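Visitor: Could you take me through one part of this protein up close, and then show me how the rest fits around it? I'd like the loop and whatever sits on either side of it.

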Amino acid sequence: MSFWRGRSRKAGHRATVRARAAPASRKKEGGFEIVQSQSATEGTIQLHFDDHALFHHLLGRHDEHLRVIERAVGVKASVAGTTLSIDGDEIERDLARRVITQVYELLKSGYPVYPSDIDYAVRILSANRGACLKDIFLDTVYVPANRRVITPKSVAQKLYIDSIRNYDIVFGIGPAGTGKTYLAMAVGVAALMKNSFSRIVLTRPAVEAGEKLGFLPGDLAEKINPYLRPLYDALHDMVEFDKGRKMVERGVIEVAPLAFMRGRTLNDSFVILDEAQNTTSEQMKMFLTRLGYGSKAVVTGDVTQVDLPAGTVSGLKAAQTILRDIEGIKFVLFTEKDVVRHRLVQDVILAYERTQTARGPGVRRAGRARSPAGGDLGPKEASGPAPPDLEGLGGNDSDADRQGRGGA
């Protein structure tokens, strides 16, 4: 009897070991092998890489890239030789695997990867597990003026660049820091250098951001220059300062307030309207009807940062409703996930959106001051709802009107 009881205990022990150590699955892909051993909820994935040099770049300096993935995804990673082990829950573990293997493919393609790219990769694949990083990161905009290569950093940015290439009028709408103006400028300068257009026209409404600036000394050009400074900053980031200044002097690149566009026809031009949320419906119509033969227009803005007087309809918000069904016009919507500035900017945008949503869409901010070029001076108090025929278009409503998403 003792003999059979011993056999039973040993058999039971062997069965227990087999249940805990599920057989590992192996899959060989280009340049690495995936070995997966896991229980129902937690386990380990081992990634074996063939190229030692690429594996070193994958990890980053002092394993910096690996630490970014651990913090962002919520897994634990360890390295032994050219083998990378990932421990964690199944969903997080799969996300980390997708990020690591796709970043490795980027390195194999010759793309230089930085810690910020790892963060962007996590954001992209968190939102869409089926996304392909190579399709996004390897779509480059080459600016020959300073030999810079600019790439999209999100799905929405990729869609935005493709839309600018394929449509004559494109609206880029979303929060600050999503690359709306920067990418439009990059595509415009690259096209100008290829002689696809004869000039670039940069314009924005001269509206003060909530402050009363009062009398500004100097001639007309000096008075409006502070409003156009952000466009000059973006331009000089693409073109060397002296070369950019000469192009402005020759009229190859023109920077002007929106009011100066009236009565003109812009042929063979790449036109960018920045801060379009601060246009009125009349100004937006005026701008869009300036477009001539062989021209392209890009309109950018953030409908949550309107600085018009209370009760004034934002031309950008109105355009979303009026023009949405016109073939040949493309709207690309960005969200806080597309922010490519400091990592805290995304959190700041979310915090303000939560506060504004809690107040409800009916709550309106005090009106903003406008410059002499825009009309009224000084802040105005919110004075009730918009007229009935404009209800739902005007004011400074919450970001709830921006549904879905479109793409540093």
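Guide: Let's start right in the loop, with His 62. Its relative accessibility is 74%, so His 62 counts as exposed, the cut-off for that being over 50%. Bear in mind that this is a predicted model. His 62 sits in the loop that runs between helix H2 and helix H3 (64–74). Its backbone deserves a look too: phi of His 62 is near 55°, a positive value in a residue other than glycine. As a general rule, most residues other than glycine have a negative phi.

Now step along to Asp 63, which is also placed in the loop between H2 and H3. Here phi is near 60°, again positive and again in a residue other than glycine. The side of the story that changes is exposure: Asp 63 has 26% relative accessibility, so it counts as partly exposed, since that class lies between under 20% for buried and over 50% for exposed.

Go back the other way and you meet Gly 60, which follows H2 and has a positive phi as well, near 85°. This one is a glycine, of course, whereas His 62 and Asp 63 are not.

That brings us to H2 itself, residues 52–59. Which of its residues are buried? Leu 54, Phe 55, Leu 58 and Leu 59 are. They cover an arc of only 140° around the axis, and therefore they lie on the same side of H2. At the start of the helix, look for Asp 51: one of its side-chain oxygens comes to within 3.0 Å of the backbone nitrogen of Ala 53. So much for the helix; you can read this stretch from the Asp 51 contact at the start of H2, through the buried residues, to Gly 60 after the helix and then into the loop with His 62 and Asp 63.

Keep going past H3, and the next thing to pick out is a hairpin. Strand S4 (residues 76–80) and strand S5 (residues 83–89) run antiparallel and are joined by five bridges. If you want one pair to find on screen, take Ser 78, whose bridge partner in S5 is Ser 85. Two residues lie between the strands, and Gly 81 in the turn has a positive phi of about 65°. Add that glycine to Gly 60, with its positive phi near 85°.

Next, the charged side chains. In the whole structure, a search finds 20 salt bridges. Some of these form a network, which links Asp 94, Arg 97, Arg 98 and Arg 129.

Three pairs are worth visiting one by one. Asp 274 and Arg 204 meet through their side chains in a salt bridge of 3.6 Å, N to O. Asp 274 is in the loop between strand S11 (269–273) and helix H11 (281–288), while Arg 204 is in strand S9 (residues 199–204), so this pair ties together parts that are 70 residues apart in sequence. Asp 274 and Arg 204 are both buried.

The pair Asp 242 and Arg 245 makes a salt bridge at 3.8 Å, N to O. Both belong to helix H10 (residues 241–250), three residues apart, which is about one turn of the helix. Asp 242 is partly exposed, at a relative accessible area of 46%, and Arg 245 is partly exposed too, at 36%.

Then there's Glu 254 with Arg 264, whose side chains meet at 2.6 Å, N to O. Glu 254 is in strand S10 (residues 253–257) and Arg 264 in the loop between S10 and S11, so the pair ties together parts ten residues apart in sequence. Glu 254 is buried, with a relative accessible area of 19%, but Arg 264, at 23%, counts as partly exposed.

One more stop, this time on the surface. Leu 344, Val 348 and Tyr 352 make a nonpolar patch of about 320 Å². Leu 344 is in helix H13 (residues 343–359), and its 41% relative accessibility makes it partly exposed.

To set all this in its frame: the protein has 13 helices and 13 strands. Of its 408 residues, 48% are buried. The protein exposes about 20,700 Å², with carbon and sulfur atoms supplying 52% of that.

Technical notes. Residues numbered from 1 in each chain as written. Predicted model: local features only at pLDDT ≥ 70, side-chain atom pairs only at ≥ 80, totals over all residues. Heavy atoms only, no water. Pairing = 2+ DSSP bridges. Helix = DSSP H or I, 4+ residues; strand = E, 2+ residues; numbered from the N terminus. Patch = residues over 30% accessible without salt bridge, like charges linked within 9 Å, V, L, I, M, F, W, Y side chains within 5 Å. Areas by Shrake-Rupley, 256 points an atom, 1.4 Å probe, with all protein chains shown as cover. Salt bridge = Lys/Arg side-chain N within 4 Å of Asp/Glu carboxyl O. Buried < 20%, exposed > 50% of the residue type's maximum accessible area, 1.4 Å probe, protein only. Arc of directions from axis to C-beta. Polar contact = N/O pair within 3.5 Å; in protein donor to acceptor, adjacent residues only side chain to side chain.
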